[in-house]
Amino acid sequence: LAQHPVPGPIFNTIRAGGYLLWHLFPPKQVFIDGRLVLRTPEFFAEYLTILDHPGYFEPVERTFGITHVLLQTAIFDRDLPLAKKLCADPRWKIADVDAAWVLFVRDSLLSTPALDLSSSSDISTLIEEARGQWMDDPEILEENYLHLGNFLSYVGEFRSSRQAFSAMRRGGAYHCARSYFFENQLDSAKNGLESLLSRNPRSIPARLLYAMVLFRQNDYKSA
């Protein structure tokens, strides 16, 4: 946002408000920040309603002239329904995304190439950027791949999510199988879990997911 300013008001999650104010105010004003004493209870309730029921975002977008949206994608999942809605709306493009945040900009105002979450090349770029940033902290790097993959799965980009999970040094096989499960590709999920369990038969998460796959395949006895 500092390198490529976007004109117009921003809609941001409350956890980003203070940071944005500190770094970008006064040219950029935030939609909400942690100083709730400055807001009415009705305003805060409306903010939560937008996150819980993203259909309410469009009237607010029109009222305030929102041109860009910054949402959290990891740890706290309340922003995810709105992120999923904007991913599916052709009027909004992704200007930037990482394992924690996603920035949407109105199509007509985007000054940099939009990120395509279905593009293997774009996902590879995100993976390499994360590796460059966190190469000295492998634990954070693993979390980065995990949260990025979870976000991609949530918005329906399952193939891309498996690309992110596959970058993990451990646990990636399980998360890839989980991605196949959520995509309803049950045979692929089953094959991946059988391979994983042959190497680590005591993995409780893998066994539970394997039982869920069998249950969905109507193999109740084996499940």
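**Strand 2 and helix 5 in a predicted model**

Visitor: Which residues of strand 2 point the other way from His 68, Leu 70 and Gln 72?
Guide: This is a predicted model, so let's go by what it shows. In a regular strand the side chains alternate between the two faces of the sheet. Here His 68, Leu 70 and Gln 72 share one direction, every one of these strand 2 residues is buried, and the residues pointing the other way are Val 69 and Leu 71.

Visitor: How many residues of strand 2 (68-72) are buried?
Guide: Buried here means under 20% relative accessible area. Strand 2 is mostly covered, and the count of buried residues is five of five.

Visitor: What residue of strand 4 stands opposite Val 69?
Guide: Strand 2 has a parallel pairing with strand 1 (10-12) over three bridges, where Val 69 is the bridge partner of Phe 11. Strand 2 also pairs with strand 4 (101-106), this time antiparallel over five bridges. In strand 4, the residue opposite Val 69 is Phe 104.

Visitor: Why do the buried residues of helix 5 line one face of the helix?
Guide: The buried residues in helix 5 are Asp 122, Ile 123, Leu 126, Ile 127 and Ala 130. Look down the axis of helix 5 and they line one face, because they fall within an arc of 140 degrees.

Visitor: Which elements do those buried residues of helix 5 pack against?
Guide: Helix 5 covers residues 120-134 and spans 21 Å from first C-alpha to last, close to the 21 Å expected. Its buried residues pack against strand 3 (92-97), helix 6 (138-154) and helix 7 (158-166).

Methods. Residues are numbered from 1 along each chain as its sequence is written. This is a predicted model: local features need pLDDT of at least 70, side-chain atom pairs count only at pLDDT 80 or more; totals for chains, interfaces and linings use all residues. Side-chain values use heavy atoms; hydrogens and water are left out. Helices (H or I, at least four residues) and strands (E, at least two) are DSSP runs, numbered from the N terminus. The expected span of a helix is 1.5 Å times one less than its number of residues. Buried means under 20% relative accessible area, exposed over 50%, partly exposed in between (1.4 Å probe, protein chains only). The arc is that of the directions from the helix axis to the C-beta atoms. Contact means heavy atoms within 4.5 Å. Two strands pair if DSSP finds at least two bridges between them.
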